[in-house]
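Thank you for making the time this morning. I would like to walk you through one model, beginning with its charged side chains and ending with the way its helices pack.

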Amino acid sequence: MREHRIGPGSEQAHRTREFEAFVAGAAGRLLHASTLLTAESRTANPHARALLGAALAHTYAVWARLRDEDPYDLTRRDLAARFARTAWRHHGGHGPLAALGPQERLVVVLRLYEGVAEEQVAALLGLSEARVRAVCARSVAALRAAARGTAAASQGPAGPGREIAA
C-alpha cells in the first residue's frame, strides 16, 4: 500500500486543481461581463480578455487565503475595480453597451447582469445608493432609446409597411 504524501507540492497541486475547476465553471460568465464592460464584440475582445486575465491572476494569488469568501464575488469585484481604474481606455466600442460611458456600463453590468445589490455596488464604486439607482435608471433609458432609434432606422423613413411615393 502506498503512502499519501502531504507536503507543499501536493497542497499546491490541490489548490491548482481547485482553481482550475473554478475557472472552468466561472470564466464564461466573467468573460461576458468583462466584454460588456469594455464594449467590445464577443468575437474580438482583447481588452476584456486582458482585464479578466488580470482579475483571475489576482484570485489565484490569494486562493490559499480564501476561507469563507466566494471566489466568484472576489474575482468580479477585482474585475470591476480594474475596469474602473482603466475605464479611460474603454470609450466607444461596438458591443451592446457601447452607447454608455464606462461608469454607466459598470453599474449596469453589476446591477442588471450580475445581480449585485445596490448597496454593494455603491460600496464597491464609492457612490451613494441613490447615485447608483440614478445611473442605472438613466443608463437603461439610454439603452432603450438607442434600441428604439436603431429599430426606427432599420425600418426606414417611410415606416414599416409603407412605400415611398416617387
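Let me begin with R77, which forms a salt bridge with E69, the closest nitrogen and oxygen atoms being 2.5 Å apart. Please keep in mind throughout that this is a predicted model, so every distance I quote is computed from predicted coordinates. How accessible are the two partners? R77, at 30% relative accessibility, counts as partly exposed, and E69, at 36%, counts as partly exposed as well.

R77 has another partner, because its side chain also meets that of D73 in a salt bridge, with 2.6 Å from N to O, and these two residues lie four apart in helix α3, which means that about one helical turn separates them.

Further along in helix α3 there is a pair with that spacing too: R82 and D78 are four residues apart, and therefore separated by about one helical turn, and their side chains meet in a salt bridge at 2.5 Å, again N to O. Is D78 buried or exposed? With a relative accessible area of 11%, D78 is buried, whereas R82, at 22%, is partly exposed. As for how the bridges connect, those that share partners join R29, E69, D73, R76, R77 and E114 into one network. Over the whole model, the count comes to nine salt bridges.

I turn now to the packing of the helices. Helix α2, covering residues 46-62, and helix α3, covering residues 71-85, have axes that come within 9 Å and cross at roughly 135°. Why do we call this pair oblique? The class of roughly antiparallel is kept for angles over 145 degrees, and that of roughly perpendicular for 65 to 115, so α2 and α3 are oblique to each other. The crossing of α2 and α3 is right-handed.

Which residues make this contact? From α2 come L51, L52, A54, A55, L56, H58, T59 and V62, and they meet P71, L74, T75, D78, L79, R82 and F83 in α3. Sorted by class, the residues of this contact divide into ten nonpolar, three polar and two charged. D78 and R82, the bridged pair I described a moment ago, are both among the α3 residues listed here.

One residue of this contact deserves a closer look, namely T59, whose place is in helix α2. T59 is buried, with a relative accessible area of 0%, and if we leave aside residues up to four places away in sequence, T59 touches F19, F22, P71, L74 and T75.

Finally, there is the pair formed by helix α4, residues 102-113, and helix α5, residues 118-125, whose axes come within 10 Å and cross at roughly 145°. The crossing of α4 and α5 is right-handed. Here L106, V107, L110 and R111 in α4 meet E118, V121, L124 and L125 in α5, and by class this contact has six nonpolar, no polar and two charged residues.

To close, the points I would ask you to keep are the network that includes R77 and its partners E69 and D73, and the right-handed crossing of α2 and α3, with T59 buried in helix α2.

Conventions: Residues numbered from 1 in each chain as written. Predicted model: local features only at pLDDT ≥ 70, side-chain atom pairs only at ≥ 80, totals over all residues. Heavy atoms only, no water. Axes fitted to C-alpha atoms, helices over the stretch in contact; angles between N-to-C directions. Parallel < 35°, antiparallel > 145°, perpendicular 65-115°, else oblique. Left-handed = near helix turned anticlockwise from the far one by under 90°. Contact = heavy atoms within 4.5 Å. Nonpolar A, V, L, I, M, F, W, Y, C, P; charged D, E, K, R; others polar. Salt bridge = Lys/Arg side-chain N within 4 Å of Asp/Glu carboxyl O. Buried < 20%, exposed > 50% of the residue type's maximum accessible area, 1.4 Å probe, protein only.
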